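Okay, thanks everyone for making time. I'll walk you through one small piece of work, and please keep the picture open while I talk.

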Amino acid sequence: MAQFSVHDAKTNLSRLIADALAGEEVVIARGNVPVVRLAPVAPRGRRTFGALKGKIAIDAQFDEPLPDDERDGWSLG
């Protein structure tokens with residue numbers, strides 16, 4: 001584990017980011033107290049259009065009006 005002061009981290013931020021991306025544990029400390037750990041962010045997966053096709057079903061009553069007792073519970077006016 002490499003520990004750096006806030007001042008050193010500001011001065012060498014690009015190198016510390018590279019070290020963290022390479023798998024090293026980088027810790028930034030105030031005085032001798034560790035306060036922050038640099039870690040890579042996991043990449044987001046790509047969304048695929050139609051990925052849930054055939055896995056979701058919409059009930060046949062979906063477009064029908066709500067019954068009066070349910071509709072009265074909504075304050076739409």
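I'll go through the sheet, then the helix, then the core. One thing up front: this is a predicted model.

Let's start with the sheet. Three strands form an open sheet, in the order S1-S2-S3, and the pairing is mixed. Strand S1, residues 2-5, and strand S3, residues 33-38, stand at the edges with a single partner strand each, so one side of each has no neighbour in the sheet. On average, neighbouring strands here are turned by 35° against each other, ignoring direction.

So what does "mixed" look like in the pairs? S1 and S2 run parallel, joined by four bridges. S2, residues 26-30, and S3 run antiparallel, and five bridges join them. For the students here: strands of a sheet pair through backbone hydrogen bonds, either parallel or antiparallel.

If you want to find the pairs on screen, try Val26. Ala2 has Val26 as its bridge partner in S2, and Val26 also stands opposite Leu38 in S3. Next door, Val27 has Arg37 as its bridge partner in S3.

Now look at how S2 gets to S3. The two form a hairpin with two residues between them, and Gly31 in the turn has a positive phi of about 65°. There's another glycine to look at: Gly23 follows H2, and its phi is positive too, near 100°.

On to helix H2, residues 13-21. Which residues of H2 are buried? They are Leu16, Asp19 and Ala20. Those residues cover an arc of only 100° around the axis, which puts them on the same side of H2. Turn to the face pointing away from that buried side, and you meet the exposed residues Ser14 and Leu21. And what covers the buried residues of H2? The cover includes S1, helix H1 (residues 6-11), S2 and S3.

That brings me to the core. The largest nonpolar core has six residues: Phe4, Ala9, Leu16, Ala20, Val26 and Ile28. H2 and S2 each supply at least two residues of this core. Ala9 is a nice one to click on: leaving out residues up to four places away in sequence, Ala9 touches Phe4, Leu16 and Ile28.

And back to S2 for a second: that strand is mostly covered, with four of its five residues buried. Remember, S2 is also the strand that pairs with S1 in parallel and with S3 in antiparallel fashion.

That's my bit, thanks for listening!

Technical notes
Residues numbered from 1 in each chain as written. Predicted model: local features only at pLDDT ≥ 70, side-chain atom pairs only at ≥ 80, totals over all residues. Heavy atoms only, no water. Pairing = 2+ DSSP bridges. Axes fitted to C-alpha atoms, helices over the stretch in contact; angles between N-to-C directions. Core = buried A, V, L, I, M, F, W, Y, C linked by side-chain atoms within 4.5 Å. Buried < 20%, exposed > 50% of the residue type's maximum accessible area, 1.4 Å probe, protein only. Contact = heavy atoms within 4.5 Å. Arc of directions from axis to C-beta.
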